[in-house]
Amino acid sequence: MRWGVILPMGVPHQATSDEVHKGYHIPQGALVMANSWSILHNSEIYPDPEVFRPERCFGDGCKDYSDFAFGYGRRVCPGRWFATEAVWAAIVSILASFDIVSSMDEQGKLKPVTVDCTAGAVSIPVPFDFDLRVRSPSMKELLAGL
Ligand code: HEM
């Protein structure tokens with residue numbers, strides 16, 4: 001949600017009245033794009049912003065990514081609580097069921113994993129190779145019954 005922002009520039013908003021922000025005149029009707037990616041990669045708020053370090057948000061003092069990742073104002077994403085819980089449920093289910101490991105090349109060496117996301121209105125991870133291994137016989141049995 002912070003590290004690989006799904007909607008890096010949010011969605012377009014429009015000024016409903018003339019505004020002045022930090023000396024800039026924003027006329028009524030102007031299209032306004034909020035740069036969520038920049039906010040969520042601000043090193044003053046999130047030191048080493050390019051590093052995936054979830055523990056940065058353990059305990060107090062972490063600026064909550066959800067203030068930015070889900071948009072702004074009256075049109076803020078109404079699905080944000082559901083989305084947060086659904087992503088959490090998906091991640092813990094996958095981690096409980098599988099070991100996720102780098103895949104091997106023809107020589108049996110681990111392939112390096114490149115971490116990158118696409119550029120554009122919607123940003124998603126670029127494809128990468130990996131192997132999923134079921135973590136236990138009981139989990140294998142459970143999954144086979146689905
Ligand atoms: C990780 C998942 C999600 C992300 C990152 C996300 C992000 C966003 C963002 C940035 C906006 C634009 C808000 C703005 O105008 O500033 C938005 C709008 C919206 N989202 Fe989500 N969203 C997610 C999941 C969901 C889910 C699960 C639902 C429904 C169950 C949902 C329903 C909506 C709707 C209906 C709007 C339009 C609200 C409006 O314009 O009045 N979203 N979302």
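Donors to a metal are taken here as N, O and S atoms within 2.8 Å of it, and with water not among the atoms, a site may look incomplete. With that in mind, the ligand site of this predicted model makes a good place to start. The iron atom of the ligand has a single donor from the protein, the SG atom of Cys-77, at a distance of 2.3 Å. Cys-77 itself sits in a loop, with helix 2 (66-69) on one side and helix 3 (80-97) on the other.

Around the ligand as a whole, the shell is made up of 15 residues, and the closest of these are Val-11, His-13, Tyr-72, Arg-75 and Cys-77. By character, the shell comprises 11 nonpolar residues, three polar ones and one charged one. Both domain 1 (1-78) and domain 2 (79-146) contribute residues to this shell, so the ligand lies between the two domains.

Oxygen atoms of the ligand also come into polar contact with the protein. In the case of His-13, an N or O atom of the side chain is 2.7 Å from a ligand oxygen. The side chain of Arg-75 likewise places an N or O atom 2.7 Å from an oxygen atom of the ligand. For Tyr-72 the contact is made through the backbone, where an N or O atom lies 3.0 Å from a ligand oxygen.

Turning from the ligand to the aromatic residues, the structure holds two aromatic pairs. In one of them, the ring centres of Trp-3 and Phe-52 are 4.9 Å apart and the ring planes meet at 45°, so this pair counts as tilted. Trp-3 belongs to the segment before strand 1 (13-14), while Phe-52 is found in the loop between helix 1 (36-40) and helix 2, so the pair ties together parts separated by 49 residues in sequence. As for exposure, Trp-3 has a relative accessible area of 32% and is partly exposed, whereas Phe-52, at 54%, is exposed. The cut-off that places Phe-52 in the exposed class is a relative accessible area over 50%.

The other pair is formed by Phe-128 and Phe-130, whose ring centres are 5.6 Å apart with the planes at 45°, so this pair is tilted as well. The assignment follows from the angle, because planes under 30 degrees apart would count as stacked and planes over 60 as edge-to-face. Phe-128 is partly exposed, with a relative accessible area of 39%, and Phe-130 is partly exposed too, with a value of 42%.

Conventions
Residues are numbered from 1 along each chain as its sequence is written. This is a predicted model: local features need pLDDT of at least 70, side-chain atom pairs count only at pLDDT 80 or more; totals for chains, interfaces and linings use all residues. Side-chain values use heavy atoms; hydrogens and water are left out. Donors are N, O and S atoms within 2.8 Å of the metal (3.2 Å for Na, K and Ca); water is not among the atoms, so sites may look incomplete. Helices (H or I, at least four residues) and strands (E, at least two) are DSSP runs, numbered from the N terminus. A residue is near a molecule or strand if one of its heavy atoms lies within 4 Å of it. A polar contact is a pair of N or O atoms within 3.5 Å; within protein, one must be able to donate a hydrogen and the other to accept it, and residues adjacent in sequence count only if both atoms are side-chain atoms. Ala, Val, Leu, Ile, Met, Phe, Trp, Tyr, Cys and Pro count as nonpolar, Asp, Glu, Lys and Arg as charged, and the others, Gly among them, as polar. Domain bounds come from an automatic or database domain assignment. Rings of Phe, Tyr and Trp (its six-membered ring) pair if their centres lie within 6.5 Å; planes under 30 degrees apart count as stacked, over 60 as edge-to-face and the rest as tilted. Buried means under 20% relative accessible area, exposed over 50%, partly exposed in between (1.4 Å probe, protein chains only).
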